[in-house]
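Got your viewer open and a hand on the mouse? Load the model below and follow along.

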Protein chains: 2
Amino acid sequence: MLGRRLVALGSVLVLGIPAVGIPAAGAPALGSWNDTAPKSAIVAFVERVTKQGSTDFVPVPERIAVFDNDGTLWAEQPVYFQFAFMVDRVKALAPEHPEWKSREPFASLLKGDMKGVLAGGEKGLMELMAATHSGMTTEEFGRSVSDWIATAKNPKTGRRYIDMTYQPMRELLDYLRANGFKTFIVSGGGIEFMRPWAEKTYGIPPEQVVGSSGKLKFEMRDGKPVLIKLPEINLVDDKEGKPVGIQTHIGRRPITAFGNSDGDLQMLQWTAAGSGPRFCLIVHHTDAEREFAYDRQSHIGRLDQALDEAQERGWTVVDMKRDWKRVYSSD
Amino acid sequence: MLGRRLVALGSVLVLGIPAVGIPAAGAPALGSWNDTAPKSAIVAFVERVTKQGSTDFVPVPERIAVFDNDGTLWAEQPVYFQFAFMVDRVKALAPEHPEWKSREPFASLLKGDMKGVLAGGEKGLMELMAATHSGMTTEEFGRSVSDWIATAKNPKTGRRYIDMTYQPMRELLDYLRANGFKTFIVSGGGIEFMRPWAEKTYGIPPEQVVGSSGKLKFEMRDGKPVLIKLPEINLVDDKEGKPVGIQTHIGRRPITAFGNSDGDLQMLQWTAAGSGPRFCLIVHHTDAEREFAYDRQSHIGRLDQALDEAQERGWTVVDMKRDWKRVYSSD
């Protein structure tokens, strides 16, 4: 608290500008947002809860902000990026598994026949997940993610996946943190898939990443303790699982939540139902030119029920085409 | 970072004392510790990892410290305090459950016959846990804990349980935080049992409390979302479960760990096995006069294997009688 106040005080003294709403770094806040309704709504909310003495004031420890990842902080087309990681891992591991050439869904995947892969349904996908996301230590898995994310590229944009994070959302993370918020990811994506790069990319440390997880097993290998990733699900952090993930990992109800699909609906409902000021926002993918345009009919990131509920409840909806000056951090 | 540096700078300017090792509040660090080996070892470790430019320097985000709770941050005799809470809850709920009068282990508990309760073994205890720790919303459970902890007293000391936290350990938490450490509880106790009071008591917010947990279920009740505590185990955060809890909740290996029993052994091993400087400490209950004396033969907080391993590996062992000037925060 004292530290934060000194930073705020420093901004006033050195820069001669009011402390509230100004990122500590001195960069213009929310510079990639157009001056349309969502930006005003965000700023109004932050000013409302940070104003000392106001009835809506929220103490710093309670300023919890949760963000979905896929489609909210980075893109998710043409397939969830973790799916692309899984495909690349199967290819990389194939030389050690000659039997995969004649075993589905591996055989189809290795031939590049995605329809054949999907024909195996959920059972086939679980086999691919088990082969690529379990059976190794947590450290080995983390390294495979770090290596992949450093170079892998999206087939639609030719950009690295890591360069397809949304600049306006990264500025929003900075803006909230500069105002005393603690920012968390709450994603259906794998917790161990996001942690290796979330800190450098979003400024969100591993302990503030909530995601889907598998069970772990502690054991001694050659006298050294390791944690083995097991092929059993611990938490599916999606839909009804998101409030469960929030309570289990954070233990405190957020006062603001950001999502983009029906998978985020329960997280938004859970956030909105708390007492005191709340702010819920949905990113609507409306920009086919600069990014992708999809909503009610999409298989990836379907936004249907949550869009209706946003309208009924007055949640803020970002129209990417209208509201964002810039899309990707690499633009 | 900047905030912390300003606080440290402030200490130097205002108090004329070196910033490292000085709590932000300006109080003497570790004042309830005698000037014996454990205090020196703690201070030496902290100075080593916080010294800029040294090869052992650890950046602030990696300064993760984990603390067991029962027997490490507060007492655990004559029974774990959460057990006492459970007993009191059964008594409080009994009027709504007339059938308990003739059903074990409830009948024995209501008659005050603890031997009869324990005769039911693990199955009986699980029934008591289910009846008192599930079937309600997370908010209802949190209120029952807050109400209980405010007044409930330990039968041996006549003190409130909340007043049986260890003053030297609270100073240690403050000292580590003043030096850029993030402090976590990693306890076999219930995560939802500790969260309602850990922030006020230890300065540890809910999102930094790791503990045993049950499964949760999201549902709508009269149009309001709630999380129901189910009578199913999610994580037993003890022994091999502690490194699992650390990885799942924190996602980063601690550089220092504090425990008091064999239940903490794997957490200490996991911490010690990381690369770079590490500090592991065990609180040994040696003071029958001011607290309780127990170790290898105790049913509660047995310290046997971990005591041997501490000696082999050179971990610091606190002799409460010798090393602590003061025991309870309420002394």
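What follows is a short tour of the contact between the chains and of some salt bridges.

A word on ground rules: this is a predicted model, where local features need pLDDT of at least 70 and side-chain atom pairs count only at pLDDT 80 or more, while totals for chains, interfaces and linings use all residues. Residues are numbered from 1 along each chain as its sequence is written, chains are lettered from A and ligands numbered from 1 in the order in which they are written, and side-chain values use heavy atoms, with hydrogens and water left out.

**Stop 1: both chains.** Color by chain. Chain A lands on chain B after a rotation of 180 degrees with 0.0 Å of shift along the axis, RMSD 0.0 Å (least squares on the C-alpha atoms of residues with pLDDT of at least 70 in both). The two copies are therefore related as by a two-fold rotation axis. Both use the same surface: 100% of the contact residues of chain A recur in chain B.

**Stop 2: the interface.** Select residues in contact (heavy atoms within 4.5 Å): 40 in chain A meet 41 in chain B. About 3,400 Å² is buried between them, 57% of it from carbon and sulfur atoms (accessible area, 1.4 Å probe, lost on putting the two parts together, summed over both).

**Stop 3: bridges across.** Now show salt bridges (a side-chain nitrogen of Lys or Arg within 4 Å of a carboxyl oxygen of Asp or Glu). The interface of chain A and chain B has 8 of them. Zoom in on A:Arg253 and B:Glu139, whose closest N and O atoms are 3.0 Å apart. Then color the chain A side by residue class: 10 residues are charged, 10 polar and 20 nonpolar (nonpolar is Ala, Val, Leu, Ile, Met, Phe, Trp, Tyr, Cys and Pro; charged is Asp, Glu, Lys and Arg; the others, Gly among them, are polar).

**Stop 4: within the chains.** Over all chains the structure holds 44 salt bridges. Pick A:Lys123 and A:Glu127, bridged at 3.6 Å between the closest N and O atoms. At 63% relative accessibility A:Lys123 is exposed, whereas A:Glu127, at 24%, is partly exposed (buried is under 20%, exposed over 50%, partly exposed in between; 1.4 Å probe, protein chains only).

Next, select B:Lys217 and B:Glu219, which meet in a salt bridge at 3.3 Å, N to O. Finish on a network: shared salt-bridge partners link A:Lys182, A:Arg252, B:Glu199 and B:Glu207.
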